[in-house]
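Reader: I'm new to reading protein models, and I'd like to go through one step by step. Could you show it to me first?

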Amino acid sequence: MRYMKSNLAVEVKLRFDSMMHEKLKELARVKDLSLSKLVNDLLKITLQGETSGTLNEVMFSEKPAIIFETNGSRLYNNDFLRVDLSEYIGKVNLIVTSPPYNVAVEYDLHNDETSYEEYLKFTEAWLKKVYVLLADDGRLCLNIPLDKNKQGIKPVYADIVAIAKRVGLQYQSTIIWNEQNISRRTAWGSWMSASAPYVIAPVEMIAVFYKKSWKKLKDGKSTITKDEFIEWTNGVWSFSGESKKRVNHPAPFPVELPRRCIRLFSYEDDIVMDPFIGSGTTMIAALNENRRCIGVEISKAYIEIAIQRIKKECRPYLINPNTI
């Protein structure tokens, strides 16, 4: 307990079962904390609802800026890595998101062309916060590329899955999204030669994780149909991507993607979150599927686009006329 001032420290002996002890040691290693510090922080969250100490220093340091609110759903104009979302700790039922891919997309504020090492550090930081916010039976549907060939070929999907597991998330499955867009093939390496050919798969991945329990711990109302369940539990989904021009965002995904995830993995009235909500796609799907949605977006310009889309694409009775 050397991290505490001596007049605040109380030394006690605790017994853990061997499996719990190993998990705590591993989590302490991942968070770069002493075991004592980790246990104290976890107890503060559990017993007092606090998020002080190391967990609070960055993850919950920025005052929330609610830009839009309707039917239990909110859009925050903040940096997800810093915004204080402590009221949702352990309450989020499903997170559906497509984070920046680090492929030099020209976003309004986010730098999408850092080194691969920095990109993975960024990924680990936001996944740690996701873990804290998820309910014990909460799920994460993470839309990421299979790989990338800018700045050298990198196994993005494999690396991010490894990071997610390292921060404590449990791996469940992977859905392959076939965008049906072969035209993206622009390089074959050594053309018509075995010298150095490139293989480019025109698909994206939706990696599915959960926090502690894959089985839902409480009963709820599912809204998926029989035909949808049969089709969507086959892990290859085929539907087109979204038009950048139509949405006015540099990297949108189609409403169909969060709609399927929401119907398949959540109950009606569950809390759905998107830490990088961009043009508001996840909130559109969530509201139309009778879920509450929390969206965070660092760009005010994209928030404004999201609000206009929500008002246009959501059923009118879902939008409170008193909201902005």
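Author: Here are some questions and answers about this predicted model.

Reader: Okay, what is the mean pLDDT of the chain?
Author: Since this is a predicted model, confidence is a good place to start. In this chain, 79% of the residues reach a pLDDT of 70 or more. Some stretches don't: pLDDT stays under 50 over residues 1-7, and also over residues 104-112. For the chain, the mean pLDDT is 83.

Reader: How many helices and strands are there in the secondary structure?
Author: Picture a chain of 324 residues, of which 47% count as buried. Of the contacts with a separation of 6 or more, 70% are between residues 24 or more positions apart. The secondary structure comes to 10 helices and 9 strands.

Reader: Which element gives the largest share of the largest nonpolar core?
Author: In general, nonpolar side chains tend to be buried together in soluble globular proteins. Here the largest nonpolar core has 40 residues, with Leu85, Leu127, Leu133 and Leu169 making the most contacts inside it. Several elements give two or more residues to this core, including β3, β4, α5 and β9. The largest share, 10 residues, comes from α4.

Reader: Leaving aside neighbours within four places in sequence, which residues does Leu85 contact?
Author: Leu85 is among the residues with the most contacts inside the largest core, and so is Leu133. With neighbours within four places in sequence left aside, the partners of Leu85 are Phe60, Tyr76, Phe80, Leu133, Met273 and Val296.

Reader: How many residues does the second, separate core have?
Author: This core is separate from the one we just looked at. Among its members are Trp177, Val208, Ile224 and Val272. Its count of residues is 33.

Reader: How many of the residues in helix α8 are buried?
Author: Helix α8 covers residues 256-265 and is mostly covered. Its buried residues include Leu257, Ile262, Leu264 and Phe265. Arg260 and Arg263 are buried there too. Out of 10 residues in α8, the buried ones number 8.

Reader: Is α9 roughly parallel or roughly antiparallel to α10?
Author: Helices α9 (residues 281-288) and α10 (residues 300-313) pack with their axes 9 Å apart, at an angle of about 30°. Angles under 35 degrees count as roughly parallel. So α9 is, relative to α10, roughly parallel.

Reader: And which residues of α10 do the α9 residues meet?
Author: The crossing of these two helices, α9 and α10, is right-handed. From α9, the residues involved are Thr281, Met283, Ile284, Leu287 and Asn288. In α10 they meet Arg309, Ile310 and Glu313.

Conventions:
Residues are numbered from 1 along each chain as its sequence is written. This is a predicted model: local features need pLDDT of at least 70, side-chain atom pairs count only at pLDDT 80 or more; totals for chains, interfaces and linings use all residues. Side-chain values use heavy atoms; hydrogens and water are left out. A nonpolar core is a set of buried Ala, Val, Leu, Ile, Met, Phe, Trp, Tyr and Cys residues joined through side-chain atoms within 4.5 Å. Buried means under 20% relative accessible area, exposed over 50%, partly exposed in between (1.4 Å probe, protein chains only). Helices (H or I, at least four residues) and strands (E, at least two) are DSSP runs, numbered from the N terminus. Contact means heavy atoms within 4.5 Å. pLDDT is the predictor's confidence in each residue, from 0 to 100. Axes are lines fitted to C-alpha atoms, for helices over the stretch in contact, and angles run from 0 to 180 degrees between N-to-C directions. Angles under 35 degrees count as roughly parallel, over 145 as roughly antiparallel, 65 to 115 as roughly perpendicular and the rest as oblique. A crossing is left-handed if the near helix is turned anticlockwise from the far one by less than a right angle, and right-handed if clockwise.
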